[in-house]
Amino acid sequence: NIEYKNFTLADNLSAVRGNHSLKGGVVATFESKNENANNVTQGSFSFTAGGGRTAFQNFLTGNSGGLCGAACTYSEAETDVVNHLRFNRYEAYVQDSWHIRPRVTLDLGVRYSLYPSPTDVNNMLTSFVPALYNPAKAPTFSSTANTALIVGTGDPLNGIVVAGTSTGHGRGLFATDKGNIAPRVGMTWDPKGDGESLVRAGFGVYYDQALVGIFEQNAFTNPPYVNTVSFQNPTFSDPKAGTAPSTRGVQNLIATSDPFETPRTMQWNIGISKRLYKRGAVDVGYVGSRGDHLIRPVDINQPQPADVNAPGGTVNGSRPYKGFGTINMRQTTARSRYNGLLFNFRHEGGRSGLLNVSYTLSRNKTDASNDRDAVDLPQNPLDLDAEYAVARTDRTHILTANFVYELPFFRKAKGISKATLGGWQVSGIATYSSGPPISRVVTGNTNGGRRGIRPNLVSDPLANVPTNNPAGAIYWFNPAAFSVPADGTYGTSQRAIFRLPGRKQWDLTVSKNWYPSSKTRLQFRADFINAFDTVQFAPGNIQNTCNAATAGASCAVFGTDTFGQITGTRAPREIQLGIKFFFN
């Protein structure tokens with residue numbers, strides 16, 4: 001059950017004083033979100049075969065006599081966690097459009113943003129603070145395999161803080177960032193004063209309020225509120241009469257870094273617009289962007305392969321914070337950089353049609369494309385800088401063109417010839433773009449945590465790409481360019497080491513209009529999507545998992561594996577026919 005409310009108070013004031021156009025404003029937003037984690041507080045039975053009975057027989061008898069054994073269980077969540085989140089936003093700005101001269105305008109402004117830490121009405125927000133973790137309070141493992149913990153040992157809340165009591169920030173998880181000052185400056189200049197050309201430039205700083213769902217997920221995952229009690233070999237008549245297990249698994253957590261800085265982006269641009277002729281104009285510009293304090297996920301409790309591979313090493317025994325499993329902490333440590341050269345040409349042909357062509361040459365680099373995707377988890381949490389590479393959203397070249405053209409035939413015809421053969425129109429969109437970089441190449445066998453999640457790169461993956469091996473297989477890259485890393489090491493393959501297939505597509509429409517009256521219009525149209533039926537390999541269907549198992553082995557497991565292969569394409573040509581009737 002999800003409920004959301006938003007109350008916003010805002011006001012703006014404008015004034016003109018001579019050659020200054022002044023404007024200022026304030027906004028205060030008060031939002032709330034209530035959501036249920038849907039924990040099973042009514043309890044849940046699980047019956048399996050045991051005691052000479054099938055699972056269904058044990059269910060029908062309610063496990064009478066306790067014959068099912070430990071495989072039959074009863075579990076019940078202690079609390080059905082319901083978050084009542086409250087989060088506010090306060091902003092104010094002032095700006096001046098200063099007409100220095102008739103041909104020059106300078107825009108100056110500043111904006112201030114304040115995003116307090118979200119709170120919960122019942123203080124159910126939680127997090128993990130590494131500095132508060134005490135190794136002496138870690139629970140005891142039940143065996144040297146370190147796969148289970150002895151119930152009742154250690155402190156299950158070791159390092160965990162709860163809003164309102166132990167975060168150090170009152171009812172919030174982190175201190176409110178109060179330094180979000182965002183200056184803005186822009187300039188426009190008409191060099192000749194004839195309206196034929198315009199030079200423009202601008203710079204601005206922008207802050208972004210974090211999505212509240214990333215804090216809500218903490219409360220839906222972490223103790224003390226998320227706690228499930230289990231009994232083995234229960235009966236319907238008295239579930240708690242079953243055996244309480246003496247061991248438990250490690251607890252996975254979701255955490256929020258402290259400090260948690262407000263994500264910030266700086267953007268700048270410079271460009272020129274020029275009228276080439278009566279109906280044609282061109283725009284050329286440069287755009288840059290720099291993002292800092294961006295949100296990224298980091299598993300701060302990931303063990304190092306060398307420690308797991310050491311004598312007596314285990315995954316859970318090698319974790320920095322023993323007693324817990326993965327601790328995915330959302331940190332504001334990511335960055336992004338973008339630089340782009342933009343070109344646009346426009347032709348307005350009146351009745352004859354129009355043509356618009358845009359081209360972008362750009363590069364976008366980052367070390368995390370979003371705040372939750374496992375793809376953005378760093379291979380080594382101790383070397384975050386190694387993740388800085390071309391972003392998944394990067395496309396080096398993007399060329400798009402759209403046009404509308406009325407066929408010139410039978411324009412002056414009359415009668416039936418004009419009604420059937422005249423007035424036809426062709427329109428379309430052409431798209432050519434580079435493919436995205438491959439997010440990462442992974443190995444499907446980490447040997448129990450003793451190896452990194454990525455293979456070794458041993459040669460150029462785009463060289464010597466195999467063909468028809470096995471017969472009929474299509475490869476995008478050479479699987480033999482990768483090998484399985486040795487135990488105790490991370491693979492040398494980095495993020496975004498080559499690009500996936502791009503896009504080349506034409507979408508066309510042929511249409512004709514009839515006008516039965518001054519207030520009605522009848523249109524026939526035929527749409528051709530991927531009109532030339534171009535085969536386009538789908539980037540999401542390039543297999544990037546090396547399944548070789550032995551350290552040092554090549555990832556080229558021909559005949560039994562699809563690593564490196566293209567297993568899907570985008571949609572082929574589609575044709576749609578339609579008739580539309582317009583009236584008013």
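A pocket is an open set of grid points with protein on both sides within 12 Å along at least five of seven lines. This structure is a predicted model.

**The largest pocket**

The largest pocket holds about 650 Å³ of space. It is lined by 28 residues, and Val151, Asn227, Thr228, Arg248 and Gln251 are the closest to its centre. Which strands each supply at least two residues of this lining? They are β13 (228-232) and β14 (247-248). β13 gives the most, with three residues.

**The second largest pocket**

Here the space is about 430 Å³. The lining has 20 residues, and the closest to the centre are Leu294, Ile295, Ala368, Ser369 and Asn370. β12 (197-207), β17 (280-299) and β19 (353-366) each supply at least two residues of this lining.

The table sets out the two linings by class.

| Pocket | Nonpolar | Polar | Charged |
|---|---|---|---|
| Largest pocket | 14 residues | ten residues | four residues |
| Second largest pocket | nine residues | eight residues | three residues |

**The largest nonpolar core**

How many residues make up the largest nonpolar core? There are 14. Phe477, Phe482, Phe498, Cys546 and Phe563 have the most contacts inside this core.

Take Phe563 as an example. Neighbours within four places in sequence are left aside here. Phe563 is then in contact with Val441, Tyr475, Phe477, Pro479 and Phe482, among others. Its contacts also include Gln543, Asn544, Thr545, Cys546 and Cys555. Phe477, Phe482 and Cys546 thus appear twice: they are among the core residues with the most contacts, and they are in contact with Phe563.

Methods. Residues are numbered from 1 along each chain as its sequence is written. This is a predicted model: local features need pLDDT of at least 70, side-chain atom pairs count only at pLDDT 80 or more; totals for chains, interfaces and linings use all residues. Side-chain values use heavy atoms; hydrogens and water are left out. On a 1 Å grid over the protein atoms alone, a cavity is a set of points where a 1.4 Å probe fits but cannot get out, and a pocket is an open set with protein on both sides within 12 Å along at least five of seven lines; lining residues have an atom within 4 Å of a point. Grid points are joined across faces, edges and corners, and a volume is the space filled by probe spheres set on the points. Helices (H or I, at least four residues) and strands (E, at least two) are DSSP runs, numbered from the N terminus. Ala, Val, Leu, Ile, Met, Phe, Trp, Tyr, Cys and Pro count as nonpolar, Asp, Glu, Lys and Arg as charged, and the others, Gly among them, as polar. A nonpolar core is a set of buried Ala, Val, Leu, Ile, Met, Phe, Trp, Tyr and Cys residues joined through side-chain atoms within 4.5 Å. Buried means under 20% relative accessible area, exposed over 50%, partly exposed in between (1.4 Å probe, protein chains only). Contact means heavy atoms within 4.5 Å.
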